[in-house]
Amino acid sequence: METKTMVPAQKRHPIFKWILVVGIMIVSNLFINYALDAFYPSPKFENYCPQEQIQKAITTETACVAKGGQWTENVYPKEVAPTAPTKAGMEIRGYCNENFTCQKNLESAQKVYDRNVFIVLIVAGTLLLIGGVFLTAAEAVALGFSFAGVLSLIIGTIRYWSSMDERLRVVVLGCALVALIWLGIKKFKNN
């Protein structure tokens, strides 16, 4: 009768667990952000300010405003002012920012887009955090989800921070603090 000897399982180095945690954290956020970009693309400049193949100089305030631009008068004294002769021999006395109106529309659309992405990233981050708390079968996966949730909250907040109302900033930071304290108590109270 043969006897089989049991070979003890080789214990993995703890660094492998942290590599998995960091991998889950990064890939989860890349997945969320690329999915957002694929299914909800950001506003593009060319959609709001289409460029014509032939650009003609706009030399009068009336033509500039009619095209949705912003006219800026030359502020130099006549003796020092750089002038550019036009076809009719007249000098241009100002500058037209042709993209003024369309740029404002693009900025408005970008703010709405950033707000919506913020909401999606906050919800995704919260779900990942909750998943990390309640997933007890694999510690590395739970930690990866928890860190991914925190990173998603950070990314979402940074993307929208400059457009966010100051009171909303306080609310977001307060909620994040409460969530992290709750997570710490829930996850680590017995350790």
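Biologist: In which helix does D114 lie?
Modeller: This is a predicted model. In it, D114 falls within residues 100–134. That stretch is helix α4.

Biologist: D114 has no salt bridge, so how far away is the nearest side chain of opposite charge?
Modeller: D114 is buried. The nearest side chain of opposite charge belongs to R159. A salt bridge needs the charged atoms within 4 Å, so this pair does not qualify. The distance from D114 to R159 is 4.3 Å.

Biologist: Leaving aside neighbours within four places in sequence, which residues are in contact with D114?
Modeller: The missing salt bridge does not leave D114 without partners. Its contacts beyond the local stretch of sequence are R159 and Y160.

Biologist: What span should helix α1 have, and how far apart are its end C-alpha atoms?
Modeller: Helix α1 covers residues 14–39, which is 26 residues. At 1.5 Å a residue, the expected span is 38 Å. The end C-alpha atoms agree with this, at 38 Å apart.

Biologist: Which residues of α1 are buried, and what covers them?
Modeller: In an α-helix there are 3.6 residues a turn, so residues three or four places apart point the same way. The buried residues of α1 are V21, I24, M25, S28, N29, I32, N33 and L36. What covers them includes α4 and α5.

Biologist: How many disulfides does the structure hold, and what is the pairing in sequence order?
Modeller: There are two disulfides. One joins C49 to C102. The other is formed by C64 and C96. Numbering the bonded cysteines along the chain, the pairing is 1-4, 2-3.

Biologist: Which parts of the chain does the link of C49 and C102 join, and how many residues apart are they?
Modeller: The S to S distance for C49 and C102 is 1.9 Å, and the link is right-handed, with 110 degrees about the S-S bond. C49 sits in the loop between α2 and α3, while C102 is in helix α4. Both cysteines are buried. Along the chain they are 53 residues apart.

Biologist: Where are C64 and C96, and how many residues apart are they?
Modeller: The sulfur atoms of C64 and C96 are 2.1 Å apart. This link is right-handed, at 85 degrees about the S-S bond. It ties C64 in helix α3 to C96 in strand β2, and these are distant parts of the chain, separated by 32 residues.

Biologist: Which side chains of β2 are buried?
Modeller: Side chains alternate along β2. Y95 and N97 point to one face and are not buried. Those pointing to the other face are buried: G94 and C96.

Biologist: How many bridges join β1 to β2, and which residue stands opposite G94?
Modeller: Strands β1 and β2 run antiparallel. They are joined by four bridges. Opposite G94 in β2 stands E73.

Biologist: Is L135 buried or partly exposed?
Modeller: L135 is in the loop between α4 and α5. Its relative accessibility is 29%. Buried would require under 20% and exposed over 50%, so L135 counts as partly exposed.

Biologist: Is S146 buried or exposed, and which residues does S146 touch?
Modeller: S146 lies in helix α5. Its relative accessible area is 10%, so S146 is buried. Not counting residues up to four places away in sequence, S146 touches L128, L129, G132 and V133.

Technical notes:
Residues numbered from 1 in each chain as written. Predicted model: local features only at pLDDT ≥ 70, side-chain atom pairs only at ≥ 80, totals over all residues. Heavy atoms only, no water. Helix = DSSP H or I, 4+ residues; strand = E, 2+ residues; numbered from the N terminus. Buried < 20%, exposed > 50% of the residue type's maximum accessible area, 1.4 Å probe, protein only. Lys, Arg positive; Asp, Glu negative; His and termini not counted. Contact = heavy atoms within 4.5 Å. Expected span 1.5 Å × (residues − 1). Disulfide = S-S within 2.5 Å. Pairing = 2+ DSSP bridges.
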